[in-house]
Each structure stands twice: as structure tokens, then as C-alpha cells.
Amino acid sequence: ARRHTGVGRSPVNSLCARMFSWGDGSSPTSQQLVQAALDEERAAARVAMKQVVAAAVAKTEERLRAERRDELLRARQEEAELMASLRTAREEAERAEANS
């Protein structure tokens with residue numbers, strides 16, 4: 001008995017293809033139809049789970065990128081503030097030296 005995987009087809013089309021794939025000209029039994037439907041349901045559930053996992057991974061990666069971007073912006077702001085403080089201190093030291 002040949003079996004189709006259903007890859008790239010809708011579950012209904014895949015199930016129909018499997019119904020006609022037993023190949024000996026007889027109709028599939030109700031047990032075979034039920035098993036085929038269960039197989040298709042499991043395959044669809046696996047695809048759905050993979051999509052859920054992929055979406056969760058993408059969302060986590062995006063959140064991590066946003067956190068890194070925020071950290072970088074904070075670090076740049078701190079650097080700018082420190083450079084401004086350094087310039088101010090240098091200018092004050094130069095004025096103090098000029099006044100002495």
C-alpha cells in the first residue's frame with residue numbers, strides 16, 4: 001500500500017489522494033480512512049507547532065535586538081555625557097591655570 005505524505009497539499013486534498021492511492025481498486029475501509037485522517041491531523045499539528053516555535057523564536061530575537069539597541073544608545077549617551085564633563089573640566093583647568 002502506497003502512502004502519500006501530503007507535503008505541499010491541503011490536508012483535504014492529501015486525504016483524497018490517499019483515499020485513491022490504495023491501488024487495488026477497492027475502496028479503503030473506514031479504519032483506513034480514520035487512520036489517514038489522523039495522520040493528516042498529526043502532520044498539520046506538526047506544521048502548526050513549527051510555525052508557533054518559529055514565531056516565538058523570531059519574537060525573542062527581535063526583543064533581544066531591541067534590548068541590545070537600547071543598551072547601545074544608553075552607552076552612547078553616557079559616553080557623550082562623560083566627554084562633555086571632560087571638556088568642562090579641561091576648560092576649567094585651563095582657566096584656573098591662566099588666572100594663576
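I began with R65, which is partly exposed at a relative accessible area of 41%, and I kept in mind that this is a predicted model.

I then looked up the partner of R65 and found that E62 forms a salt bridge with R65, the closest N and O atoms being 3.1 Å apart. Both E62 and R65 lie in helix α2, 3 residues apart, which is about one turn of the helix, and E62 counts as partly exposed at 39% relative accessibility.

How many salt bridges does a search of the whole structure find? I noted 3 salt bridges, and I went on to the pairs still missing from my page.

E67 forms a salt bridge with R63, with the closest N and O atoms 2.9 Å apart, and these two residues sit 4 residues apart in helix α2. I recorded E67 as partly exposed, at 36%, and R63 as partly exposed too, at 43%.

For D39 and R42, I read a distance of 3.2 Å between the closest N and O atoms of their salt bridge, and both residues belong to helix α2. Is D39 buried or exposed? D39 is buried, because its relative accessible area is 19% and buried means under 20%, whereas R42 is partly exposed at 44%.

Next I turned to surface patches. M49, V52, V53 and V57 form a nonpolar one, with about 350 Å² of accessible area together; V57, found in helix α2, is partly exposed at 41%.

Last, I noted that E91, E92, E94 and E97 gather in a surface patch of negative charge. E97 is found in helix α2, residues 30–99, and is exposed with a relative accessible area of 64%.

Conventions
Residues numbered from 1 in each chain as written. Predicted model: local features only at pLDDT ≥ 70, side-chain atom pairs only at ≥ 80, totals over all residues. Heavy atoms only, no water. Patch = residues over 30% accessible without salt bridge, like charges linked within 9 Å, V, L, I, M, F, W, Y side chains within 5 Å. Areas by Shrake-Rupley, 256 points an atom, 1.4 Å probe, with all protein chains shown as cover. Salt bridge = Lys/Arg side-chain N within 4 Å of Asp/Glu carboxyl O. Lys, Arg positive; Asp, Glu negative; His and termini not counted. Charge placed at Lys NZ, Arg CZ, Asp CG, Glu CD. Buried < 20%, exposed > 50% of the residue type's maximum accessible area, 1.4 Å probe, protein only.
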